[in-house]
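Got the viewer open? Here's a short tour, one selection at a time.

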Number of protein chains: 2
Amino acid sequence: MLDDRKLAVLRAIVEDYVSTHEPVGSKALVDRHNLGVSPATIRNDMAVLEEQGYIAQPHTSAGRVPTDKGYRLFVDRLSTIKPLSAAERRAIETFLANAYDLDDVVSRTVRLLAQLTRQVAVVQYPSLTRSSVRHVELVPIAAQRLLLVVITNTGRVEQRAIETHEDVSDEAIAHLRALLNARLDGCWLTDVPDVMADLTEHVPVGERPLAATVLSVLLESLVEKHEEKIIIGGAANLARADLSQSLRDVLEALEEQVVLMRLLGEAENPSGLTVRIGTENPHEGLRTTSVVATGYGAGDQAVARLGVLGPTRMDYPGTMGAVRAVARYVGQILAGS
Amino acid sequence: MLDDRKLAVLRAIVEDYVSTHEPVGSKALVDRHNLGVSPATIRNDMAVLEEQGYIAQPHTSAGRVPTDKGYRLFVDRLSTIKPLSAAERRAIETFLANAYDLDDVVSRTVRLLAQLTRQVAVVQYPSLTRSSVRHVELVPIAAQRLLLVVITNTGRVEQRAIETHEDVSDEAIAHLRALLNARLDGCWLTDVPDVMADLTEHVPVGERPLAATVLSVLLESLVEKHEEKIIIGGAANLARADLSQSLRDVLEALEEQVVLMRLLGEAENPSGLTVRIGTENPHEGLRTTSVVATGYGAGDQAVARLGVLGPTRMDYPGTMGAVRAVARYVGQILAGS
DNA sequence: CTTGGCACTCAGAGGAGAAGAGTGCCAGAT
DNA sequence: ATCTGGCACTCTTCTCCTCTGAGTGCCAAG
């Protein structure tokens, strides 16, 4: 259906369009790539490619521009992920290695990705649901107020204030703290409800109200309300890549957690990289943008996702390389810390 | 120098320009505001105002536009802060009242401000330097790793991992924790170095290395590196208020913590509201924007600042009203929690 | 000090024309 | 069967021009 040369032509069109940002014509194509045939031949190929929906012309007397379908084919079959240069890799390594806590890792990662790809970076905090408990702390901070702090194996710290509505002895708190830690250490957050189901039975009667209160807060805040925090960076790069009218829409979309969430999406592809092109995106305002995302995490298991958002006319091989490399390094950092 | 009518003319120019976004001419002015004189008279006044630098014309045959100096005069002498409507106040109250922890308060505040003013909101986390210690926690999380958690009276929780480089007994940790809490409870963060200066002397010799390590991390992370966290919201509003060329510059400026920091600035004005107009701003890229900021905090003492950034042609009375009202409510929330 | 009148300036809208890039198609060459 | 050169055609885009109208500054009279 599409012979090798037509594919080569499509590849050339994508590459040229990405670098020049202008519709590419048959003449320019043979000049820049030595395809060994004449412009007229290319024109015939282009006609076929257009008929099949891989490219389109903005108006009659203009060159061709790849469609979403064209980019899709390019990404799937015509491009190879571009590995980073040694210098870039060293930069990533040193930049991330200096991070001193989880917040810092995430914020450095987002800046790094944005700089590397010159686009908008999106990084999700290591998800609570896929983490396990490393430590639970219960701290009295006022007469009838406790602070519950949970530390996960991904280094995340969640805290929540608890109103006890009655005075509580330090012993009761210490007791409950010990019990919680004994039960929950190493426990997956998703398993917490099961593990804790019969907790109150193992507590002296006098301490049961406290235990029940703490427990409900613990469950509510960590399991049910597992808000997935996402941060973005490099928004200024949007202004450079003038997305026609839609800049406003894109900025709005980026402010909604829910949209970002769905943007990073699920890992359909076990190998890692997910690419969503233009209208494949689950949001109206992002019709002219593409997303390159992947999972990352300590060791093999992905605990969260990160990615990059840019105009559909982005440099896919380069972006994919950068996203993959950053995800790997972040994984290493998380595993090591 | 400027009689009452000239001031009235300036006020009218600012108001009209803010609402129409177009240079305002003498005729339009007498039509919209009943000034009781003819356009020709207004023209004379305008000539004076222009000579003094309060207004300017984009080109010879256009109406007048306020200069930064003109806005300054308007803000200082010609406008009164506009109180919010009852509905708006109720909205603020209910929206903020539902916040369940400090992070949530801050993120709700930033969204609220952005919506209310339809501009970019900037909120600084309650500053550590102006907070006091409520509790210190020391948690073993692995063989040679501790987690130091500090809770402040503003509800902020800071954590930092510590490498001990040798095994540490639980007793030593408990001992140190007790000592730290006894010493630091209620202590201003800025006083921490003084209070802790002789700490190691009060520790058994065997625990001194641990104490020294913990102490250095504590001092470094909480006092020296008191990174002031700032979050922004409503960036999409920038796209609406098309700032000529500089959108890119503004977005870039907003990504730099340092710039944001200086943007909110210090409270020169004890009464509260600080307004920085156009070139009064400390940053190149923000020449065409103004900032309305104020301090906020639990009770009387301001512990951090918040504000709004928008084009110089913003609705100052309305924006100032919104900023002031939000700051007050946030203060109440913080005091109450 | 204010006002009406008047000449002047200049940005912006609208239109005509020329230039140029790119296409589609066809007949001939390989 | 495929490629190629040529050619007519189609549009966008750029430039140049004119025209319009808003708004001004100035002046002389009230």
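Start with the surface near DNA strand C: its residues divide into seven nonpolar, ten polar and three charged. Here Ala, Val, Leu, Ile, Met, Phe, Trp, Tyr, Cys and Pro count as nonpolar, Asp, Glu, Lys and Arg as charged, and the others, Gly among them, as polar. "Near" means a C-beta atom, placed from the backbone, within 6 Å of the strand.

A word on what you're looking at: this is a predicted model, where local features need pLDDT of at least 70, side-chain atom pairs count only at pLDDT 80 or more, and totals for chains, interfaces and linings use all residues. Residues are numbered from 1 along each chain as its sequence is written, while chains are lettered from A and ligands numbered from 1 in the order in which they are written.

Stay at the DNA and select G25(A), V37(B), H59(B), T60(B) and S61(B), which come nearest of the 20 residues around strand C. Then colour α2 (26-32) and α3 (39-51) of chain A plus α3 (39-51) of chain B, the elements that give two or more residues to this surface. α3(A) has the largest share, with four residues. (Helices, H or I of at least four residues, and strands, E of at least two, are DSSP runs numbered from the N terminus.)

Next, pick residues 34-60 of chain A, where an unreviewed UniProt entry places "domain: HTH deoR-type"; such annotations may be inferred rather than shown by experiment. The span is 48% helix and 7% strand, and its end C-alpha atoms lie 26 Å apart.

Now show both protein chains. Their contact takes 23 residues from each of chain B and chain A, counting C-beta atoms, placed from the backbone, within 7 Å. On the chain B side, β4 (133-142), β5 (145-152), β6 (157-163), α10 (236-240) and α11 (247-255) each supply at least two residues.

Try superposing the copies by least squares on C-alpha atoms of residues with pLDDT of at least 70 in both. Chain B lands on chain A with an RMSD of 0.2 Å after a turn of 180° and a shift of 0.1 Å along the axis. That is the relation of a two-fold axis. To find the axis, go to E137(B), the residue of chain B that comes closest, at 4.2 Å (C-alpha).

Last stop: V122(A), which touches I230(A), I232(A), L260(A) and L309(A), among others beyond four places away in sequence.

Methods. Two residues are in contact if their C-beta atoms, placed from the backbone, lie within 7 Å.
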